[in-house]
Amino acid sequence: MPLNIVIRLKDLAKDLGFCCVGICPAVEPPHYGAFLKWLEAGYHGEMHYLAQRKEAYRSPSSILPGARSLIMLGFPYQRDAEQNPPAGYGLIARYANGPDYHKTIRQWLRKLGRFLQAEYPSAAVRGVVDTAPLLERDFAQLAGLGWIGKNTLLIGPDCGSFTFLAALLTTAELDFDPPFAGDRCGSCSACLRACPTGALVSPRVLDARRCLSYLTIELRGFIPRELRELVGNWFFGCDLCQEVCPWNRRLGPTAQATSEATETRVINLIALFRLKEDEFRKMFGPTALWRAKRRGLLRNAAIVLGNQRNQAAWDVLVSGLEDSEPVVREACAWALARIDIAAAGPIIRAHLAKETDPAVAASLSGYLAETSSSG
């Protein structure tokens, strides 16, 4: 690939808002073996699609047949200051703040793809943003964008880790950038210490089943009881392992994001229970938060309100016991018992008599036993 085309391609990527761009070969990812061991350990939890597509992760050609090169890109998202939500509010991870990032980044990838195909008319091109079977961090490191940190995230020396990764695959053979050399985490273990659930079982090994992001986004059922208090105020996702990273702290805040981000990352949890179904979808459908769907978001809201022991949420949590979704009913019962275990007893007992879901009924019976022992 002529040098001037490489320069023009990278300049266009920077003009579109990407903070870093590099090119690497479409080979088997260096950590593919570690990925298989991670799956064998069961660390992926209920994310069964990862295991089902494990062979596809072996080669980028599973995404684009004949792929020879990957253009790896990083797009920064909001790095604002840490926030402490007021009572009745929950925290949203920075990446999910504002409209869904997939749509914006795909739009920029299409522009880069058109540029590339104008230079190489016979080449096939495909852009992906974290939904294809691609170990993006491996290829980003191969393309020189940064190193994989102890928190398992790609860290760029100039961008930190608050960065979306995207890839443009092509059958054209391009000139490759040198891989990023070295591990700049050094002896730092701030991210491992900051994880409240111990999900980072060792440097660069994440047990997703204990990760707050997995629990509040990917998990479809009940959040394990022993982890609920550790959810704290996190309504959707978690940024703790990134907030403590020295490479992020040295960069400071930035207003740049995929699109207009809201001024705050907190959300009124009590108000969510008062939304009608169509209002809920209208509010969250265009955002990354819809990944958890209504049931997951209300489950999370109940957990956070219970952690806050928010008496002002009592009425909406009682109404939540009548919700059509079992995970919402169960979480609301837990929250009521946590706010006032004595007052919750009669209410839970009344709802247990008409509960049709066996798993929810078992939980309610357990909470009733706790109310009895507390008395």
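**Burial, backbone and overall form in a predicted model**

Thr 152 is buried, its relative accessible area being 11%, where buried denotes under 20% relative accessible area, exposed over 50% and partly exposed the range in between (1.4 Å probe, protein chains only). The structure is a predicted model, in which local features need pLDDT of at least 70 and side-chain atom pairs count only at pLDDT 80 or more, while totals for chains, interfaces and linings use all residues. Residues are numbered from 1 along each chain as its sequence is written, and side-chain values use heavy atoms, with hydrogens and water left out.

Thr 152 is placed in the loop between β5 (147-148) and β6 (154-155), the helices (H or I, at least four residues) and strands (E, at least two) being DSSP runs numbered from the N terminus. Although Thr 152 is not a glycine, its phi is positive, at about 75°. A positive phi, near 50°, is also found for Asp 130, a residue other than glycine, which is located in the loop between β4 (125-128) and α5 (136-142). Asp 130 counts as partly exposed, because its relative accessibility is 37%.

With respect to the chain as a whole, the protein contains 17 helices and eleven strands. The radius of gyration, taken over C-alpha atoms, is 23 Å, which agrees with the value near 21 Å for a compact globule of 375 residues; the globule rule is 2.2 Å times the number of residues to the power 0.38. Along the principal axes, the C-alpha atoms fill a box of roughly 75 × 40 × 40 Å. Of the 375 residues, 53% are buried, and the accessible surface of the chain comes to about 16,400 Å², with 53% of that area belonging to carbon and sulfur atoms; areas were obtained by the Shrake-Rupley method with a 1.4 Å probe. Among contacts (heavy atoms within 4.5 Å) between residues at least 6 apart in sequence, 77% join residues at least 24 apart. The mean positions of the 43 positive and 38 negative charges lie 1 Å apart, with Lys and Arg counted as positive, Asp and Glu as negative, and His and the chain ends not counted; each charge is placed at NZ of Lys, CZ of Arg, CG of Asp or CD of Glu.

The structure holds zero disulfides, a disulfide being a pair of cysteine sulfur atoms within 2.5 Å. Cys 20 is in no disulfide, and the nearest cysteine sulfur, that of Cys 19, is 3.8 Å away; Cys 20 counts as buried, because its relative accessibility is 13%. Cys 238 is likewise in no disulfide, the nearest cysteine sulfur being that of Cys 241 at 6.5 Å, and Cys 238 counts as buried at 17% relative accessibility.

Two further positions were examined. Phe 222 is found in the loop between α7 (212-218) and α8 (225-231) and is partly exposed, with a relative accessible area of 27%. When residues up to four places away in sequence are not counted, Phe 222 touches Arg 228, Pro 326, Val 327, Glu 330, Ala 359, Val 360 and Ser 363. The C-alpha atoms of Phe 222 and His 44, which are 178 residues apart along the chain, are separated by 16 Å. Asp 315 lies in helix α14 (residues 314-320) and is exposed, with a relative accessible area of 61%; Asp 315 and Phe 273, 42 residues apart in sequence, are 9.9 Å apart in space, C-alpha to C-alpha.
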